[in-house]
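The following exercises concern one protein structure. Each task is followed by a solution in steps.

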Amino acid sequence: MVTTGLDLTGRVALVTGAGSPTGIGFAVCRRLGALGAAVVLTATTDRVHDRAGELAESGVQATGLVADLTDPTAAQTVVAAVTSRWDRLDILVNNAGMTSVTDSDALSGGVDGLGYDEWQHSLRRNLDTAFLTTRAAVPVMRRSAWGRIVMVSSVTGPVMAMRQDAGYAAAKAAMVGLTRSLAVDLAADGITANAVAPGWIATGSQTDDERREGQVTPVRRSGTPDEIAWPVAWLCTPGAAYLSGQCLVVDGGNSVAEQRAL
């Protein structure tokens, strides 16, 4: 039985970037659904319908929507679809970003090797998606005087940085700044805003180099998507009502380890 502080029965959640069966977004959908929320998930391809079907098979009320949230009109369309069905939106998890199966453009590079178009592209994929979806969702949350907004950021940018990844680091750091601005502006409306910053996570898209990096964290492994989904889901619950404007680092202690040599 779900305890009162964790119970999301009757709540409606929107989770972006949830098309991958092995990704953080889908893990968040499973966790929110297990706590009782109806879940709307988005992705840039039809595979989002497969994920919604898997959730439905496990007893979760789930709907999949195809949307490229770098399009300023797409977020409005998605939120309108949610409110048309449920007349409410309580939870928004901004997980879209990093890469998309419909968008394989290389976005990496230092400031002297990243073209302006690529820089803008990285910001659109990793920051604008969160801004546009949040902007569409906030008026709906204000109507019910209750809301939870969670940004899935990264340790890259807010906490540390990787080589040759200026655009991604800048966008993910900006997500935390946006989170804090929202926390201040929306507190009186009963809406919290927080960020979660994952470290090395063993998704289906993790590279061999990333897997090796995970092995030299203090816990000697990469995290799992579900280990990110748990803190994200908790931030969405009634019990997290007094926590806002924070960035929760979930990286196996990697960002606090001073000695890296084995």
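**Exercise 1.** Determine in which helix E118 is found, and whether E118 is buried, partly exposed or exposed.

*Solution.* Step 1: E118 is found in helix α4, residues 116-144; helices (H or I, at least four residues) and strands (E, at least two) are DSSP runs, numbered from the N terminus. The model is predicted: local features need pLDDT of at least 70, side-chain atom pairs count only at pLDDT 80 or more, and totals for chains, interfaces and linings use all residues. Residues are numbered from 1 along each chain as its sequence is written, and side-chain values use heavy atoms, with hydrogens and water left out.
Step 2: Buried means under 20% relative accessible area, exposed over 50%, and partly exposed in between (1.4 Å probe, protein chains only).
Step 3: The relative accessible area of E118 is 33%, so E118 is partly exposed.

**Exercise 2.** Identify the element that gives the most to the largest nonpolar core.

*Solution.* Step 1: A nonpolar core is a set of buried Ala, Val, Leu, Ile, Met, Phe, Trp, Tyr and Cys residues joined through side-chain atoms within 4.5 Å.
Step 2: The largest such core has 35 residues, of which L14, V79, L89, I149, M151 and L182 touch the most other members.
Step 3: α4 gives the most to this core, with nine residues.

**Exercise 3.** State which residues of α1 and α2 meet.

*Solution.* Step 1: Contact means heavy atoms within 4.5 Å.
Step 2: F26, C29 and R30 in α1 meet R51, E54 and L55 in α2.
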